[in-house]
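Biologist: Please pick one part of this model and take me through it closely. I would like to know what surrounds it and how the terms are defined.

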Amino acid sequence: MRGSGNGDVALCAENLLRIFRGENPYERVKGIDARSLDKPALDAEAEILQDAEFCIENYEPRAQIDSLDVYGLDRERGDFRVVAAVTEI
């Protein structure tokens, strides 16, 4: 998170989607489960979306999820990014 300017709901949701589980020492369940990365990319999409939805719903209560997608899943590189469209409640 930034040192200042964290009031924007979309920014907070974006920051949550960039964290992997276990990365935050005081909130070990916050973030996307890194074990999903060890699976074939196309098989992990549902788990990644589920983790992303869990994070936003539990750690950013001001956000309502309009859409949630995973882009860039391919078999060769394994890169992906989670994109969420959120509105402030």
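Modeller: Contact here means heavy atoms within 4.5 Å. This is a predicted model, in which local features need pLDDT of at least 70 and side-chain atom pairs count only at pLDDT 80 or more, while totals for chains, interfaces and linings use all residues. Numbering runs from 1 along each chain as its sequence is written, and side-chain values use heavy atoms, with hydrogens and water left out.

The part I will take is α1 and what lies around it. Helices (H or I, at least four residues) and strands (E, at least two) are DSSP runs, numbered from the N terminus. α1 is mostly covered, with 7 of its 9 residues buried (under 20% relative accessible area, with exposed over 50% and partly exposed in between; 1.4 Å probe, protein chains only). Those buried residues are Val-9, Leu-11, Cys-12, Ala-13, Asn-15, Leu-16 and Leu-17. Cys-12 counts as buried because its relative accessibility is 6%.

Ile-19 sits in the loop between α1 and α2. With a relative accessible area of 18%, Ile-19 is also buried. Apart from neighbours within four places in sequence, Ile-19 is in contact with Lys-30, Gly-31 and Ile-32. From Ile-19 to Ala-52 is 33 residues in sequence but 9.8 Å in space, C-alpha to C-alpha.

Ala-52 and Leu-17 lead into the largest nonpolar core (buried Ala, Val, Leu, Ile, Met, Phe, Trp, Tyr and Cys residues joined through side-chain atoms within 4.5 Å). This core has 13 residues, and those touching the most other members are Leu-17, Ile-48, Ala-52, Ile-56, Ala-63 and Val-82. Two or more residues come from each of α1, α2 (41–59), β1 (63–71) and β2. α2 gives the largest share, 4 residues. Not counting residues up to four places away, Val-82 touches Leu-17, Ile-32, Ile-48, Ala-52, Leu-68, Asp-69 and Val-70.

α1 also borders the largest pocket (an open set of points on a 1 Å grid over the protein atoms alone, where a 1.4 Å probe fits, with protein on both sides within 12 Å along at least five of seven lines; lining residues have an atom within 4 Å of a point). α1 (9–17) and β2 (81–88) each supply at least two lining residues. Among the lining residues are Ala-10, Ala-13, Glu-14, Leu-17, Ile-32 and Val-82. The space in this pocket is about 230 Å³, a volume being the space filled by probe spheres set on the points, which are joined across faces, edges and corners.
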